Protein chains: 2
Amino acid sequence: MNQSYDPVIETKTKILDTAERLFGERGYSATSLRDIVAGAGVNLAAVHYHFGSKEELLDQVVLRKAAPVNVERLRLLDQVEAEAGTAPPPVDQVLEAFFLPMAAAAECNPPFVRMMGRMLAEGLMMGIVAKHFQEVTRRTQSALRRALPQLPEEELLWRIHFMIGAMAHTMCGPPDFTQRGADLGDFRSRIGRLVSFLSGGFQAPIRESREEQ
Amino acid sequence: MNQSYDPVIETKTKILDTAERLFGERGYSATSLRDIVAGAGVNLAAVHYHFGSKEELLDQVVLRKAAPVNVERLRLLDQVEAEAGTAPPPVDQVLEAFFLPMAAAAECNPPFVRMMGRMLAEGLMMGIVAKHFQEVTRRTQSALRRALPQLPEEELLWRIHFMIGAMAHTMCGPPDFTQRGADLGDFRSRIGRLVSFLSGGFQAPIRESREEQ
DNA sequence: GTCTATACTGAGATAGAC
DNA sequence: GTCTATCTCAGTATAGAC
C-alpha cells in the first residue's frame, strides 16, 4: 500500500489516514486541522500545502475510500442490466447494486461510512458528489428509469431524492432505539431493510393529493 | 403578538426574529452571532445573557415555530385514530397527519422549514427533537404501529428512521433537478409525493437478504 | 519542492463595570 | 439588563529554512 518511503507520500498519507480516522470518530466540523496535524505528527501548514483547505482534504479522504466502492457499483449495475436484457431490471436488484458495495465498505470501516452519511446530510458533500459520484449517479438513475418504465420522469427524480435522504440518515449512525452495541456495525442487515423499504416506495402508486385542510 | 413594549421582551424578540430570518437565509453554521446582533441592533453579549449559547438560541427559534405545528399534528392524529375506531388507521392518513402541518407552515415561511431540514440532517437537532418533539414522535409511532399491526416492531422503527431521513432531505431544499424557481416553495406537492413514496415503503413486504457477494 | 514558524481574521464565550 | 473588553480556538495565509 505504501509504495515507498518517499517522505512526500509519507506526510500526505499520514494526514489522509489521520483525517479519515478523526473525521469518522468526531465528525468533520468537530475535527480541527490542529487535531489532525497533532495526530499525524506533521506541521499545520503542511495540510494547506498538500490539500489547499480543510474542505479539499475532506474531498481527498472521501475520494480515496469511495472510488473502489463506485467501481464495484458500476460492475454490479452492468451485471443487473445484462441479466435483464431488454426486460426492465428488478428494482430491488438495482437498489442492491447501489447499496451492497457501500455496505461491504462499511463493514470494513464503520466510522468512515457514518461520517459520509453525516457529510451527505450536512450538505457538505454536494460538491464532492457532483465531482466524484457523477457516473454512478447517472448510471443508477438510468437503471431505475428502465426498471420503472411507467413512472413519470419527475416522479422518479423525486423518489431518488427521497432515497438519498433515507440513505444518508441511515448511514449516519444507529438510531436511538438500537440499544445493543452489537447492532452498531451491522450495516448489512440495515441495508437489507432499507432496500425493501425503498423498493416498496419506488413501486408505490402515485397518489392524488387529497383536498383537506 | 408583542404583548407590550417591555424592553426586555423587545431585545429577546428582536434576537429571535433576526436569528430565524438569518438561519433560514444562510443556515445555522454560516450565521454568526455577530451577524445576528448587527441585524437586530443589539449587543453581542445580550445573546448570551438571554439564551446562554448559540445552540440554545437555535433551540428557542425552533421551538417558537414548531410548537403550533406539533399541536396541529396531534389534532390530526386524534382525528385519524377516531375515524378508524378499532380498525387499523390507513397508513397514508397517519403520514398526512405528520406531514401536512409542516407543509402548511412551510408555505408561510419556506426558508425556515429548509433550515429545519438542514438542522435535522446535520444532527444538530437531536437534542431539540428529544426535548420538544417527544410527544409527537411517540404518538406518530403508536399510530403507525396500529396502522401496520403485522409489521415487527424492529422493522417499524427502522422504517420510521428511513422516513425521518427522507423527510429531512426533502425539507432541506429543492434538489438539483428542479430548474424552475416556481417549484421552490411548493412544499405541498412534494409532500404529496413523499407521502405516496413512504406509504409504499411502510407497506412493503420484508425481503429476505439475498446470498450475494 | 517540502515543510516550519508565525501571524492574521473571525468565531463563540465570558468577566466585570455600569 | 446591558455593554465593553478580552479570552480561546478555529481556518487560513505567508515568509523563509532546508
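**A note on two protein chains and two DNA strands**

1. A good place to begin is DNA strand C: it has 17 residues around it, and those that come nearest are Thr11(A), Asn43(A), Tyr49(A), His50(A) and Arg34(B). Of the atoms of this strand that come within 4 Å of the protein, sugar and phosphate account for 58%. Please keep in mind as you read that this is a predicted model.

2. Now for the individual contacts to strand C. On the phosphate side, the side chain of His50(A) places an N or O atom 2.4 Å from a phosphate oxygen of DNA strand C. Thr11(A) also has a polar side-chain atom 2.7 Å from a phosphate oxygen of that strand. Arg34(B) reaches a base instead: an N or O atom of its side chain is 2.6 Å from a base nitrogen of DNA strand C. Both chains supply elements here, with helix 1 (7-26) and helix 3 (44-50) of chain A and helix 2 (33-40) and helix 3 (44-51) of chain B each giving two or more residues to the surface near the strand.

3. Which helix gives the most to the surface near DNA strand C? That is helix 3 of chain A, with four residues. By class, the residues of this surface are seven nonpolar, seven polar and three charged.

4. Turning to DNA strand D, 16 residues surround it, and Leu33(A), Arg34(A), Lys54(A), Asn43(B) and His50(B) are the closest. Sugar or phosphate makes up 53% of the atoms of DNA strand D within 4 Å of the protein, and bases make up the rest. The surrounding residues comprise seven nonpolar, seven polar and two charged.

5. The phosphate contacts of strand D involve both chains. From chain A, Lys54(A) has a polar side-chain atom 2.8 Å from a phosphate oxygen of DNA strand D. From chain B, the side chain of His50(B) has an N or O atom 2.8 Å from a phosphate oxygen of the strand, while for Thr11(B) the corresponding distance is 3.4 Å. At least two residues of the surface near DNA strand D come from each of these elements: helix 2 (33-40) and helix 3 of chain A, and helix 1 (7-26) and helix 3 of chain B.

6. How are the two protein chains related? Chain B superposes on chain A with an RMSD of 0.1 Å after a rotation of 180° and a shift of 0.0 Å along the axis. This is the relation of a two-fold axis. Both copies use the same surface, as 100% of the contact residues of chain B recur in chain A.

7. Next, the interface itself. Chain B has 44 residues in contact with 44 residues of chain A. About 4,400 Å² is buried between the two chains, and carbon and sulfur atoms give 59% of that area. On the chain B side, the residues that lose the most area to chain A are Trp158(B), Arg193(B) and Phe197(B), which together make up 18% of what that side buries.

8. Finally, the polar side of the pairing. There are six salt bridges between chain B and chain A. Arg207(A) forms a salt bridge with Glu96(B), where the closest N and O atoms are 3.0 Å apart. Helix 4 (54-84), helix 5 (91-108), helix 6 (110-122), helix 9 (153-172) and helix 10 (187-202) of chain B each give two or more residues to the side that touches chain A. That side of chain B has 17 nonpolar, 13 polar and 14 charged residues.

Conventions:
Residues are numbered from 1 along each chain as its sequence is written. Chains are lettered from A and ligands numbered from 1 in the order in which they are written. This is a predicted model: local features need pLDDT of at least 70, side-chain atom pairs count only at pLDDT 80 or more; totals for chains, interfaces and linings use all residues. Side-chain values use heavy atoms; hydrogens and water are left out. A residue is near a molecule or strand if one of its heavy atoms lies within 4 Å of it. A polar contact is a pair of N or O atoms within 3.5 Å; within protein, one must be able to donate a hydrogen and the other to accept it, and residues adjacent in sequence count only if both atoms are side-chain atoms. Ala, Val, Leu, Ile, Met, Phe, Trp, Tyr, Cys and Pro count as nonpolar, Asp, Glu, Lys and Arg as charged, and the others, Gly among them, as polar. Copies are superposed by least squares on the C-alpha atoms of residues with pLDDT of at least 70 in both. Contact means heavy atoms within 4.5 Å. Buried area is the accessible area (1.4 Å probe) that two parts lose on being put together, summed over both. A salt bridge is a side-chain nitrogen of Lys or Arg within 4 Å of a carboxyl oxygen of Asp or Glu.
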